[in-house]
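The following exercises are to be worked through with the sequence and the structure at hand. Each task is followed by a solution in steps.

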Amino acid sequence: MTQPKHNVVIFLGPPGAGKGTQAERLAQDRGLTKISTGDILRDHVARSTELGQQVKPILDAGQLVPDDILIALIRDKLASMDAVRVIFDGFPRTGAQAKELDVLLEELGAPVSAVPLLEVPDQVLIDRIVDRGRQAAARGEAVRSDDTEEVARRRQEIYREQTQPLIDYYSARGQLTRVDGVGSMDEVYGRILGSMK
């Protein structure tokens, strides 16, 4: 089976739903580049770049980074590709970002192929995030500043407030598929693949 030249997958779901892990696996299986704005931003913070210093207090407070910064990062990343074969993990997060992304993808002739939405109950998400922080600490690794219960709960609230319009946006376009995000990684991955047929 020949792969389409362009393939744009947008992973949606609340923080802690497992988007990163599943997107990584799908990227490897389908020959896609995973674009995580969170990873890009954390890299800037770790390197203490000008952008990193600008966004660190925003990330530490569990707030969302302004759209113009994120769109500029994405535009820069996609413009360097011959074929746009990507998975977005954690972007877009708002209706405004989705519209901006659509404009950018239209310019590049690369429409959205699939929008799986991982659904996981709130308390399961909080437990996963806090546990991720505990495990990192136990291994002697740095704990992400957003891996605390307080920040995790705030991020869930922000997610609900700002991302529901995004879910409605892709749903109205017939591109959204809901995927049960509870279960083993293999079970959830199988559901994601099934949703993309």
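**Exercise 1. The central sheet**

How many bridges join β1 to β3, and do these strands run parallel or antiparallel? Use the answer as the starting point for laying out the whole sheet.

Solution. The model is a predicted one, in which local features need pLDDT of at least 70 and side-chain atom pairs count only at pLDDT 80 or more, while totals for chains, interfaces and linings use all residues. Residues are numbered from 1 along each chain as its sequence is written, and side-chain values use heavy atoms, with hydrogens and water left out.

Step 1. Strands β1 and β3 run parallel and are joined by 5 bridges. Strands (E, at least two residues) and helices (H or I, at least four residues) are DSSP runs numbered from the N terminus, and two strands pair if DSSP finds at least two bridges between them. Within this pairing, Phe11 stands opposite Asp89 of β3.

Step 2. On β3 there is also a parallel pairing with β2 (residues 33-36), over 4 bridges. Here Lys34 stands opposite Ile87 of β3.

Step 3. Strand β1 pairs with β4 as well, in the parallel sense and over 2 bridges. The bridge partner of Val9 in β4 is Ala114.

Step 4. Taken together, 5 strands form an open sheet with parallel pairing, in the order β2-β3-β1-β4-β5. Its edge strands, β2 and β5 (176-180), each pair on one side only. On average, neighbouring strands are turned by 25 degrees against each other, direction ignored.

**Exercise 2. The surroundings of the strands**

Why is strand β3 described as largely enclosed by the rest of the structure? Then place two helices and one residue of β4 relative to the sheet.

Solution.

Step 1. Strand β3 (residues 85-89) is largely enclosed by the rest of the structure because 5 of its 5 residues are buried; buried means under 20% relative accessible area, exposed over 50%, and partly exposed in between (1.4 Å probe, protein chains only). Arg85, Ile87 and Asp89 point one way from β3, Val86 and Phe88 point the other way, and all are buried.

Step 2. Helix α2 (residues 37-46) lies across β2 and β3 and runs at about 65 degrees to β2. Helix α7 (residues 149-172) lies across β1, β4 and β5, at about 125 degrees to β5. Such axes are lines fitted to C-alpha atoms, for helices over the stretch in contact, with angles from 0 to 180 degrees between N-to-C directions.

Step 3. Pro116 is found in strand β4 (residues 112-119) and counts as buried at 0% relative accessibility. Residues up to four places away in sequence not counted, Pro116 touches Val9, Ile10, Phe11, Leu12, Thr177, Val179 and Ser195; contact means heavy atoms within 4.5 Å. Pro116 and Ser195 are 79 residues apart along the chain, yet their C-alpha atoms are separated by 7.0 Å.

**Exercise 3. The annotated positions**

Which residues does UniProt list for "binding site" together with Gly16, and where do some of the annotated positions lie in the model?

Solution.

Step 1. An unreviewed UniProt entry lists Gly16, Ala17, Gly18, Lys19, Gly20, Thr21, Arg132 and Gly183 as "binding site". Lys19 of this set belongs to the lining of the largest cavity. UniProt positions follow the numbering used here, feature names are shortened, and annotations may be inferred rather than shown by experiment. A cavity is a set of points on a 1 Å grid over the protein atoms alone where a 1.4 Å probe fits but cannot get out, and lining residues have an atom within 4 Å of a point.

Step 2. Gly16 sits in the loop between β1 (7-11) and α1 (19-30) and is buried, with a relative accessible area of 18%. Thr21, found in helix α1, is partly exposed at 45%.

Step 3. A further "binding site" annotation of the unreviewed entry covers residues including Leu64, Gly90, Phe91, Pro92, Arg93 and Arg155. Of the annotated residues, the lining of the largest cavity includes Gly90, Phe91, Pro92 and Arg93.

Step 4. Leu64 lies in the loop between α3 (50-60) and α4 (67-79), and Arg93 in the loop between β3 and α5 (95-108). Both residues are partly exposed, Leu64 at 27% relative accessibility and Arg93 at 28%. Neighbours within four places in sequence aside, the contacts of Arg93 are Leu64, Arg155, Gln162, Thr163 and Leu166.

Conventions. 1 Å grid on protein atoms, 1.4 Å probe; cavity = no way out; pocket = protein on both sides within 12 Å on 5 of 7 lines; lining within 4 Å.
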